[in-house]
There are 2 protein chains.
Amino acid sequence: MAYRLLIVEDSPELLEIMSVFYREEGAGLWTVDTAVNGNDALAKVSDESYDLMILDIMLPGASGFDICKAARSKSDCPIIFVTALSTDNFILKGYETGCDDYVIKPFSIRHLYAKSLALLKRARKSDDGEELRCGNISLNKKTMMVKVKGRPIEIKSKEYFLLLYLLENKDAVLTRKTILEHVWCDDLDVSDRIVDSTIKRLRDCLGEAAGQIRTVIGRGYRISEE
Amino acid sequence: MAYRLLIVEDSPELLEIMSVFYREEGAGLWTVDTAVNGNDALAKVSDESYDLMILDIMLPGASGFDICKAARSKSDCPIIFVTALSTDNFILKGYETGCDDYVIKPFSIRHLYAKSLALLKRARKSDDGEELRCGNISLNKKTMMVKVKGRPIEIKSKEYFLLLYLLENKDAVLTRKTILEHVWCDDLDVSDRIVDSTIKRLRDCLGEAAGQIRTVIGRGYRISEE
DNA sequence: AATGTTATGACACTGGTATGACATGAGATC
DNA sequence: GATCTCATGTCATACCAGTGTCATAACATT
């Protein structure tokens, strides 16, 4: 799954260099979209959604600051300003507008690329990709496949949703009550001993990874690595 | 609640400038801890837990890279390298080691400060808030996880709820009676010596942070920072 | 030194949890 | 529609960790 990148830069040469670099270096990691002026960029920002934006500040039409503001009103996608304006005031204005980083021209493209990866890594932590992992267990929300040590396993519906809920709250102790509310949300007139039974069945499914589901006596259950 | 910042820098003057700036500018936003050499820094990283680290690379003793690696093995706290080494190779090595940003000396401290805030903002998104902290102990009400110096510890149900009650009344002296009413609310026909036993077991769990729970003879117990 | 208070370790027991067998009911198959 | 099959909920039982009690040691206060 490629990350969507938007580069806004009014110098066509630099734009070309950057987009080629991101396309080549990542070997398909990035889908690069570009704009050469502020208004185009604004239109793209409002229409599309991106995983990372690299914005020049001085642009024909709207400025980089305007684009950043527009983007922020919609999402919190990481934003890097790339510009020749190196006075403290400009830089601080950039951060106030809500950017994540500020790179001054001339710059090393490898350096910029490394920054992009670091930023993406941190931003991705907060959003939920479709693959949840914990130790030897991985669950794909899209395909609803669960794997242990990379091998797919058979899993029934209730066990699947219980595992999903546990994984979405990795390391957290979940009480039977909370689990019931989230996994049996519709009919709450079941005994909360059902959680025990389902945990048992889930552990059976997980085989050697069963130990990752810990019982926390008096409080509930939690899933963790190792 | 203040954010814990670690600055590692072998030039005492620069270290002083930076720590003063963070303390003044944030007006209490930061608790600044410092180290002037690699080995001190390594010790601090393994003992304490921080919300942000600013690391010089060239240091007497262990290098900034070493410190970064050590920190990463334990937490994913944001890390900024600050150094005069500006060759591409060094910068890329920094990012490979897992830093979040790389600032080249000489640098603007306001710029660095703005970066710190941006990074903190992003890092905080991914963690699950509402943490009660007191000295080396932290308790997350949502995940029911208790950490000492940033390391999770095993804790049983009664001990957990006792610790929670103490932390919610940090620095206050709590009598056995009050504690019983709040932690054993349902069955009050227990002897109030049970509080002593549970305090003992809680102290055992807390290990080196056990001393934070003080006995106040004739009155009860209280929790405080050192 | 005497007295009251707390720490500590051993022990017993209770209540929460694991587990397997069984009941139920919704779909699938004929 | 009858039958089969499987997923899911319930229950009884056994087990054991967590919790409460107590006796004794250590400590604080007078």
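I began with DNA strand D in this predicted model, and I found 22 residues surrounding the strand, the closest being A:Ser157, A:Arg201, B:Trp184, B:Ser191 and B:Arg201. Sorting that surface by class, I noted eight nonpolar, six polar and eight charged residues.

I then asked which elements supply at least two residues each, and listed α6 (157-168) and α8 (193-206) of chain A together with α6 (157-168) and α8 (193-206) of chain B.

Turning to the DNA side, I recorded that 69% of the atoms of strand D within 4 Å of the protein belong to sugar or phosphate, while the rest belong to bases. For individual contacts, I looked up A:Lys158, where a backbone N or O atom lies 3.2 Å from a phosphate oxygen of strand D, and A:Trp184, where a side-chain N or O atom is 3.0 Å from a phosphate oxygen of that strand. A base oxygen is involved at B:Arg201, whose side chain places an N or O atom 2.7 Å from it.

Next I moved to strand β1 (residues 3-8) of chain B, in which six of six residues are buried. I saw B:Tyr3, B:Leu5 and B:Ile7 pointing one way and B:Arg4, B:Leu6 and B:Val8 the other.

I followed the pairing of β1(B) with β2 (residues 30-35) of chain B, which is parallel and spans six bridges, with B:Val8 opposite B:Ala35. Between these two strands the chain passes through helix α1 (residues 12-26) of chain B, and I noted this β-α-β crossover as right-handed.

Last, I checked β3 (residues 52-55) of chain B, which runs parallel to β1(B) and is joined to it by four bridges; there B:Met53 is the bridge partner of B:Leu6.

Notes:
Residues numbered from 1 in each chain as written. Chains lettered and ligands numbered in written order. Predicted model: local features only at pLDDT ≥ 70, side-chain atom pairs only at ≥ 80, totals over all residues. Heavy atoms only, no water. Near = heavy atom within 4 Å. Polar contact = N/O pair within 3.5 Å; in protein donor to acceptor, adjacent residues only side chain to side chain. Nonpolar A, V, L, I, M, F, W, Y, C, P; charged D, E, K, R; others polar. Buried < 20%, exposed > 50% of the residue type's maximum accessible area, 1.4 Å probe, protein only. Pairing = 2+ DSSP bridges. Right-handed = clockwise from strand over helix to strand, strands pointing away.
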